[in-house]
Amino acid sequence: MKTWSLVSICVLLGVVVRWGVSLNSYSGAGKPPMFGDYEAQRHWQEVTYNLPLQEWYFNTTDNDLNYWGLDYPPLTAYHSWICAYVAKIINPDWVELHKSRGYESPTHKLFMRTTVLVADLLIYIPAVVLYCLYLTDGSSKKKISTLLCFLLYPGLILTDYGHFQYNGVSLGFALWGILALGLGWDVSGSMAFSLALNYKQMELYHALPFFCYLMGKCIKAGPMGRGLFLLVRIAATVLATFALCWLPFLSDPSQALQVVRRIFPVARGLFEDKVANTWCSLNTLIKIRSILSGDSQLYLSLACTFLAVLPSSFRLLTKPTFWHFKLALVNSSLAFFLFSYQVHEKSILLAALPVCLLLNDLPLIAIWFLQASTFSMLPLFLKDGLLVPYVVTSLAFLFFSLYLLSALDHCSEDELRMGAYNKLLFFLPKMDLACVVRWKFYISVAVMAVLSIVSIALVPPPHLPDLFPVLVSTTAFLHFFGTFVYFNVVQFSEPPSRKSQKKNN
Amino acid sequence: MAARVDIGFWFPALALGVSFLKCLFINAYHSTDFEVHRNWLAITHSLPVSRWYHENTSEWTLDYPPLFAWFEFGLSHVAQHFDRNMLQVENLNYASPSTVLFQRLSVIFTDVVFIYAAKECCRCVQEQKGSRDVLNRPSFVLAVLLLWNFGLLIVDHIHFQYNGFLFGVLLLSVAKHLQSQHLQGALLFAILLNLKHIYLYVAPAYGIYLLRSYCFTQDNKDGSIRWMSFSPLRLLALGSIVVSVCALSFGPFIAMGQLPQVLSRLFPFKRGLCHAYWAPNIWALYNVLDKGLAVLGVRLKLLEEAELPRASMTGGLVQEFQHSVLLSVSPSATLVCTLLSILPAVASIWLRPCGARGFLRCLLLCALGSFMFGWHVHEKAVLIAILPLSILAVESREDARIFLVLTTTGHYSLFPLLFTPTALRKLHSGQGPLLRPLEVVYLLGLVVVAIACEVVFPLSPWQQRLPFLPLLATSVYCSVGVCYSFLRLYVRLLQRDDKPKQL
């Protein structure tokens, strides 16, 4: 009884913070002609409500794909349709074909923000609650603290309730998948993850770990008999879910092909804007985009991504435990983020979700990474006018997670799983690893704070107009790369003997 | 006196958390009070002191005592670094982003006084024996009830006012009395009176308590007054404190001969019996009764419809209005009613003082009594009763029960029902359910009323004909709850008279 009242207070706090952030500006507010993501979502409601399904992904006179054409899989389209249906009941002007372009009003903003909140309350937040209560170990106080920190992660709140997106839905479905796999319900887990994939194609970043984990489990259960049966059931579930989601588009092969073409645009370049991955950071030293041709860029990124994700996937295939699964999720999404093609800065949220799962086990590193991920999106938030929410939520998250999870106290070498580092770096003199890590953390937070203040307060020199975004993305890149190496090392080192080993099946 | 309690690290965490939350609401809706304070910043900054209480370019004239004007004057010096234009008196309804940022931040910063006062109150709370985890300690629950009081958050940080700062001074004064530092408490109260004169309502409690328990240094064995122990020195000390503070505040205006003008600004009686949104007090019930009788009279052909006065009671502008069947109520009538209602409380701390907690109870009753019977009361005024009641609620079960009913109906909203029952139930566990069945039914009824007003009514056919009905219904329903709390608090006070304890 007591736990549930604390849980409801945490959820309420999470909702209040989200609502507070949503009172601020959104992407593209008051910026014609293209506006921003907010207008894109509104436009999709307009398109899906007024046009027949066959025209949603096609360039027609009624549907101009250059003005925020649909580029997410069908589930997003269905969600937009449901929202449009509600919008039509409240105020038809909001989804009037052609006439409602660039529609902005306080009531409409309230409506759109409410749709995000409703989606979160139905999908994301229950998954977080159940995960923290059933799949983390420790006292109930620790679980509640983890829950609160998970819900207060600023990156997701600022992107969904500030910039305006529906990441909570896709991440929520993925989390339900992870939850189900953790509880041993493999078939339901695969169905949930398929739904996530059908909502946003970026969930492919998480696909490899799901595949390797389930495959590893099937192999372990015996390649003949139970394992094969499980494999068949999972494959059937996944195919059935995909079929169900794509059903209206399967009647005509050109339809399905067009959807695929829209959700995987390979005509764009290696990266757009300033993003904290390898290619953008490398571009500051060598101008890759001008050296290599479009095709070779594609092949290079494919090769690097494949190489980066191989070790952790292989390790997961041989040792399909839940602990390794979580680590593989982090490693895979980070590998994709760092080396893949056409990555957007918001894709870091796909790596942030698995790291949130590790808040309980590796609090300091998790908090560090989550802080860096929010920081990496600073230029985006500044463009959207979300300065105050950014400052407030980042400071609150840093302060409360360090306090509630006592992260700075659990810094021993054992707790940080850094035993392997000592073996690797045997040639260096032995140092107090805990002290080193703490100092690195303080310095890093200080650097991020200074860069934030500088980006906000100062004007860049005229010959280097993008100085601050580049500095921010390079710093974030260094953090992400370091985290990537760290989590790979952790995945390959032996998990220390823990009392609750049985939880990790 | 209760021993000082150690405050752990959780207190700064709670304070910091709520401050961060307040920052998120900087861009939320703000009411006309925002313009009121901007106007006062402009008046105090741009005009000489002699013009402060004469200025009326804007309809929001300066109607707080001089010390608050000096406070706004101080703020205006910081304001000029944010946006000079807000300090022009002619810039009515000026609300640039820097202005909003400055004003909101000023409320958040002055709340530091409230946080300090809450900390002092938490120190004074009596702890139960036995080790408990942090979440179950009375001081923790009190900190949550005070720092995260939703009524205060909404009024101060969305609606916009400086109540946190003022309540901080009040609670600090109460805490000082609880710690037996009476002179400091008196000083703080004198300052508070000169910041916002609405606290005159609780001045009787202070006056009688200090006279009885501070100026008379000893009591007889049976608790009655010992006239011989009167200490003129103490009375002199108190008097000089009050007089000097008032002199500091009103002095310049008395010197300029503006005292009548200042007083007329401070006490405007042109407004109506009830605010546009009826506070849940006695007069709401009175008005409804009057209206009901009028309708009944017309139906039963006892009254002519044409004879009834036409003025609407909940019309937008607050004007004088007449009651049709019952006697009309004048300002002096409300004053008499208020005085009568607080008389028993004040008398009880004179005849049977119960120490600082008895004083707190009396303060509470004065505040609530004036809320119940006062002229042109705002619903926000119920906070003056709710915040001190929090201190009593974490110590005693009975008070917790009353607190729950009062905070729900006084705030007009159901928000308190989300947090407070859990927190209080944990504290006073083990003695059966916290609320009596009747109270539970009443509070559940509030949920029904809320749903009816927000959801059912707008879709019903009466929306056009009787648009004020939801407000009226909520107000009347809540005033029943407030009256009930008032009576229960009185019963508590008078019951304690039978067994005077030194607390």
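**Close-up 1. Salt bridges between chain A and chain B: the count is zero.** This view comes from a predicted model, so treat it as a computed picture of how the two chains meet. Polar contacts can be checked here too: between chain A and chain B, one residue pair is in polar contact, with both residues at pLDDT 80 or more.

**Close-up 2. Two helices of chain A that touch chain B.** On the side of chain A that touches chain B, the elements giving two or more residues are α1 (2-22) and α19 (387-404) of chain A. Take a good look at α1(A), which gives the most to this side, with ten residues. Sorted by character, the residues on this side of chain A are 16 nonpolar, three polar and two charged.

**Close-up 3. The meeting of chain A and chain B as a whole.** Here 21 residues of chain A are in contact with 21 residues of chain B. How much area do chain A and chain B bury between them? The value is about 2000 Å², and 82% of it lies on carbon and sulfur atoms.

**Close-up 4. Helices α6 and α7 of chain B, crossing at roughly 135°.** Now we move to chain B, where the axes of α6 (residues 150-160) and α7 (residues 163-178) come within 9 Å. With that crossing angle, α6(B) and α7(B) are therefore oblique to each other. From α6(B), the contact is made by L152(B), V155(B) and D156(B), while α7(B) brings N163(B), G164(B) and F167(B). Together, the residues of this contact divide into three nonpolar, two polar and one charged.

Note on methods:
Residues are numbered from 1 along each chain as its sequence is written. Chains are lettered from A and ligands numbered from 1 in the order in which they are written. This is a predicted model: local features need pLDDT of at least 70, side-chain atom pairs count only at pLDDT 80 or more; totals for chains, interfaces and linings use all residues. Side-chain values use heavy atoms; hydrogens and water are left out. Contact means heavy atoms within 4.5 Å. Buried area is the accessible area (1.4 Å probe) that two parts lose on being put together, summed over both. A salt bridge is a side-chain nitrogen of Lys or Arg within 4 Å of a carboxyl oxygen of Asp or Glu. A polar contact is a pair of N or O atoms within 3.5 Å; within protein, one must be able to donate a hydrogen and the other to accept it, and residues adjacent in sequence count only if both atoms are side-chain atoms. Helices (H or I, at least four residues) and strands (E, at least two) are DSSP runs, numbered from the N terminus. Ala, Val, Leu, Ile, Met, Phe, Trp, Tyr, Cys and Pro count as nonpolar, Asp, Glu, Lys and Arg as charged, and the others, Gly among them, as polar. Axes are lines fitted to C-alpha atoms, for helices over the stretch in contact, and angles run from 0 to 180 degrees between N-to-C directions. Angles under 35 degrees count as roughly parallel, over 145 as roughly antiparallel, 65 to 115 as roughly perpendicular and the rest as oblique.
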